[in-house]
Amino acid sequence: MTRTSLPRLDNRQARHLFLDKHGLAETPKGSAKGEDLLKVIRQIGFVQVDSINTVARAHHMILFARRPAYKEAALKKLLEKDRALFEHWTHDASIIPTEFYPHWHLHFRRHREKLSERWQKWRRDGFLDKIDGVLQQITENGTCTSGDVGENEQRKSGGWWDWHPSKTALEYLWRSGELAVCHRTNFQKAYDLSERVIPQDIHSIVPHEAETIEWAATNALARLGFATSGEIAAFWDLITPAEAKDWCQKALADGRIIEAEIEMVPGQKPRQSFLFPETLDQLADIPEPTSRVRILSPFDPALRDRKRAERLFGFHYRIEVFVPEPKRQYGYYVFPVLEGDRLIGRIDMKALRAEDRLHVRAFWPEPGLRTSKARLKKLEAELDRMARFAGCSTTTFEPDWQRSA
């Protein structure tokens, strides 16, 4: 019996679908506060949080790329006052719509089991002995930071992960759901009991494990457009690869999803993926991505899966923050540049706020890209927008900032 050939998305269709799902196809415009901003975050699923502030922190750049009217205060209000968002873990620390919180109970339970053993070996000994004391302190006294616990414990300067035992207990209680981040000050997390941070009508909902697996898989595929079972599992990092694979097999048998061949860039084999049947009918209505140039955060959801981005766009990217300077190919923290449905290069820039300027060190176009006057003009216009977003009134350039492809 010959197997019926699968539907096939060419590379152009796949890029357009993926960018549309990630809010990067339409012209960046519109309101960027309240329900409108929340809608953007719902669409992409979550916004990764990162401390590096070369131009602006990752979560702010992700939102600015989609809504140029975005102001940091709008996110702070949704997160810390309205409680429409909460901060927790996906593949990394992220800001997530609070309506999704019930499904993180599975995450909490699994972290509780996994970290109690792993961190005994990885962190300093004794953090489990500090848990009850830390929890009692917060219960009685309210919000606290890592500086408010473990007063008599030795604090070393061995790096970001060199936590004293009570700090480790605090982080463990957050990861396992007992605590929630209620606000940040100068990027330092402040914690409180989760029931005092998360609205009670949401906090009290604890879905069955099967419900969360269904929710996580369905909503990951909805935001990816097409995906393998492994990509579905990795999106929220809530469920295991085996659970995602099992979900795909059952959903395929039920006709809820179908298989398709996704064409990658030249040199890459087509990739067999899953998608919803209705996605094929929607392909013709997906808008042509705007030709406007956008500078993205390295942690943009569209680039979270580096291998997927390389297969789909032919764009190889890695963070060189931890690479010794002499071995860096580009720079400490360079930003991907998107034009239409292409990642056209990367740019090294930094906001020198004390000097009121955004300084551009270098732009490296992708191989084969022609840096025409029109393209450079669009890039410079985006740099001016980025400068204003970073609080700088001017943009300056190194003399040799336009590098060879």
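**Exercise 1. A pair of rings**

Let's begin with two residues, and keep in mind that this model is predicted. Decide for phenylalanine 18 and phenylalanine 313: buried or exposed? Then describe how their rings are arranged.

*Solution.*
- Step 1: Phenylalanine 18 is buried, and phenylalanine 313 is buried as well.
- Step 2: A pair of aromatic rings is described by the distance of the centres and the angle of the planes.
- Step 3: For phenylalanine 18 and phenylalanine 313, the centres are 6.2 Å apart and the planes make an angle of 55 degrees, an aromatic pair that is tilted.
- Step 4: Look at where the two rings come from: phenylalanine 18 belongs to helix 1 (residues 11-21) and phenylalanine 313 to helix 14 (residues 306-313). With these positions 295 residues apart, the pair links distant parts of the chain.

**Exercise 2. Classify another ring pair**

Work out why the pair of phenylalanine 397 and tryptophan 401 counts as tilted, and compare the burial of each partner with the cut-offs.

*Solution.*
- Step 1: The ring centres of phenylalanine 397 and tryptophan 401 are 4.6 Å apart, and the planes stand at 40 degrees.
- Step 2: Planes under 30 degrees apart would be stacked and planes over 60 edge-to-face, with the rest tilted. The angle here is 40 degrees, so this pair is tilted.
- Step 3: Buried means under 20% relative accessible area. Tryptophan 401 has 7%, so this residue is buried.
- Step 4: Phenylalanine 397 has a relative accessible area of 31%, so this residue is partly exposed.

As a wider view, the structure holds 22 aromatic pairs. One aromatic cluster is formed by Phe46, Phe86, Phe100, Tyr101, Trp104, Phe108, Trp215, Phe235 and Trp236.

**Exercise 3. Read a sheet**

In what order do the five strands of the open sheet lie, and which strands are at its edges?

*Solution.*
- Step 1: The order is 9-10-11-12-13, and the pairing is mixed.
- Step 2: Strand 9 (293-295) and strand 13 are the edge strands, since each pairs on one side only.
- Step 3: On average, neighbouring strands of this sheet are turned by 35 degrees against each other, direction ignored.
- Step 4: At one edge, strand 9 pairs with strand 10 (residues 335-339) in the antiparallel sense, over three bridges. Here arginine 294 stands opposite leucine 338 of strand 10.
- Step 5: At the other edge, strand 12 (residues 357-365) and strand 13 (residues 394-397) run parallel and are joined by four bridges. Histidine 359 has threonine 396 in strand 13 as its bridge partner.
- Step 6: Between strand 12 and strand 13 the chain passes through helix 15 (residues 373-389), a right-handed β-α-β crossover.

**Exercise 4. An enclosed helix**

Why can helix 7 (residues 165-175) be called largely enclosed by the rest of the structure?

*Solution.*
- Step 1: Check the residues of helix 7 for burial; among the buried ones are Lys167, Glu171, Trp174 and Arg175.
- Step 2: Eleven of the eleven residues are buried, so helix 7 is largely enclosed.
- Step 3: Walk past the end of helix 7 and you reach glycine 177, with a positive phi near 95 degrees.

**Exercise 5. Unusual phi values**

Where do arginine 83 and phenylalanine 187 lie, and what are their phi values?

*Solution.*
- Step 1: Most residues other than glycine have a negative phi.
- Step 2: Arginine 83 is not a glycine, yet its phi is positive, about 55 degrees. It sits in the loop between helix 4 (72-81) and strand 3 (85-89).
- Step 3: Phenylalanine 187 also has a positive phi, near 75 degrees. Its place is the loop between strand 5 (179-185) and strand 6 (188-193).
- Step 4: Phenylalanine 187 is partly exposed at 21% relative accessible area. Arginine 184 lies over the face of its ring, 4.1 Å from the ring centre.

**Exercise 6. Look for disulfides**

How many disulfides are there, and how far is cysteine 144 from the nearest cysteine sulfur?

*Solution.*
- Step 1: A disulfide needs two cysteine sulfur atoms within 2.5 Å.
- Step 2: The count comes to zero disulfides.
- Step 3: For cysteine 144, the nearest cysteine sulfur is that of cysteine 182, 8.8 Å away.
- Step 4: Cysteine 144 is buried, at 3% relative accessibility.

Definitions and conventions. Residues numbered from 1 in each chain as written. Predicted model: local features only at pLDDT ≥ 70, side-chain atom pairs only at ≥ 80, totals over all residues. Heavy atoms only, no water. Pairing = 2+ DSSP bridges. Helix = DSSP H or I, 4+ residues; strand = E, 2+ residues; numbered from the N terminus. Right-handed = clockwise from strand over helix to strand, strands pointing away. Phe/Tyr/Trp six-rings, centres within 6.5 Å; stacked < 30°, edge-to-face > 60°. Buried < 20%, exposed > 50% of the residue type's maximum accessible area, 1.4 Å probe, protein only. Lys NZ or Arg CZ within 6 Å of the ring centre and 35° of its normal. Axes fitted to C-alpha atoms, helices over the stretch in contact; angles between N-to-C directions.
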